[in-house]
Amino acid sequence: LSESGVPQLVQPMIWDYAADLDVEGKVHLIEKYRRCGFSKVWFASAFKGATGANQSLTLIGHHLKNHLQWLKVASSSPADVLEGIALTGWQRYDHFSVLCELLPVAVPSLAVCLQALKNGGYSEEIKENVEKLLGMSNLETETFMR
């Protein structure tokens, strides 16, 4: 790879939507990319739609945990390696599948995930800020929103 010149032309994106993604494994993968000559990598997460092909509601806690794991990967990697993170919002698993949860029901998940990334973590204060921003009285992350 390093001899091909590809590392000077592209930046790899590492995708993982799991709530319990392997932080150490991702750090080792980044190290491998660095040894091949890639100076920057991207992460890809999901704020909706990656938990089931016919999911109707967004389980915010799953996506929040995924983003918190990505923050651990970032803090365990060289400071200059991360170019950015793409927050994907799946609409369907393929063109013949039913729709995953729609954007309106996933907006709270998007807000929580963005605030967690912006603040480098998640706390009760951040939860209260998201509730205030969205005009919600009770943001539920471990159960489906009612």
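User: Before anything else, what does buried mean here?
Analyst: Buried means under 20% relative accessible area. The model is a predicted one.

User: OK, and how much of the protein is buried?
Analyst: Of the 146 residues in the protein, 37% are buried.

User: What's the order of elements from the N terminus?
Analyst: The order is β-α-β-α-β-α-α, and the protein has four helices and three strands.

User: Overall dimensions? What does the C-alpha trace span along its principal axes?
Analyst: About 55 × 40 × 20 Å.

User: And what share of the contacts is between residues 24 or more positions apart?
Analyst: Taking contacts with a separation of 6 or more, 74% join residues 24 or more positions apart.

User: Now the inside. Which residues make up the largest nonpolar core?
Analyst: That core has 10 residues: Ile14, Leu21, Val23, Val27, Ile30, Val41, Phe43, Trp70, Val73 and Val81.

User: Which elements give two or more residues to it?
Analyst: Helix 1 (23–35), strand 2 (41–48) and helix 2 do. Helix 1 gives the largest share, three residues.

User: Is there anything on a second core, and what does it include?
Analyst: A separate core of eight residues includes Ala111, Val112, Ala116 and Ile126.

User: Back to Phe43. What does it touch, leaving out residues up to four places away in sequence?
Analyst: Phe43 touches Met13, Ile14, Ile30, Trp70, Val73, Ala74, Leu82, Gly84, Ile85 and Ala86.

User: Different topic: helix 2 and helix 3. At what angle do they pack?
Analyst: Helix 2 (residues 60–75) and helix 3 (residues 103–119) pack at about 20 degrees, and their axes are 9 Å apart.

User: Why call that roughly parallel?
Analyst: Angles under 35 degrees count as roughly parallel, so helix 2 is roughly parallel to helix 3.

User: Left-handed or right-handed crossing?
Analyst: The crossing of helix 2 and helix 3 is right-handed.

User: Which residues make the contact?
Analyst: From helix 2, Ile60, His63, Leu64, His67, Leu68 and Leu71; from helix 3, Pro108, Ser109, Val112, Cys113, Ala116 and Leu117.

User: How many of those are nonpolar, polar or charged?
Analyst: Nine are nonpolar, three are polar and none is charged.

User: One more residue, His28. Where does it lie?
Analyst: His28 lies in helix 1.

User: Why is it called partly exposed?
Analyst: Its relative accessible area is 38%. Partly exposed lies between the buried limit, under 20%, and the exposed limit, over 50%, so His28 counts as partly exposed.

User: And what separates the C-alpha atoms of His28 and Val73?
Analyst: They are separated by 9.9 Å, with the two residues 45 residues apart along the chain.

Notes
Residues are numbered from 1 along each chain as its sequence is written. This is a predicted model: local features need pLDDT of at least 70, side-chain atom pairs count only at pLDDT 80 or more; totals for chains, interfaces and linings use all residues. Side-chain values use heavy atoms; hydrogens and water are left out. Axes are lines fitted to C-alpha atoms, for helices over the stretch in contact, and angles run from 0 to 180 degrees between N-to-C directions. Angles under 35 degrees count as roughly parallel, over 145 as roughly antiparallel, 65 to 115 as roughly perpendicular and the rest as oblique. A crossing is left-handed if the near helix is turned anticlockwise from the far one by less than a right angle, and right-handed if clockwise. Contact means heavy atoms within 4.5 Å. Ala, Val, Leu, Ile, Met, Phe, Trp, Tyr, Cys and Pro count as nonpolar, Asp, Glu, Lys and Arg as charged, and the others, Gly among them, as polar. A nonpolar core is a set of buried Ala, Val, Leu, Ile, Met, Phe, Trp, Tyr and Cys residues joined through side-chain atoms within 4.5 Å. Buried means under 20% relative accessible area, exposed over 50%, partly exposed in between (1.4 Å probe, protein chains only).
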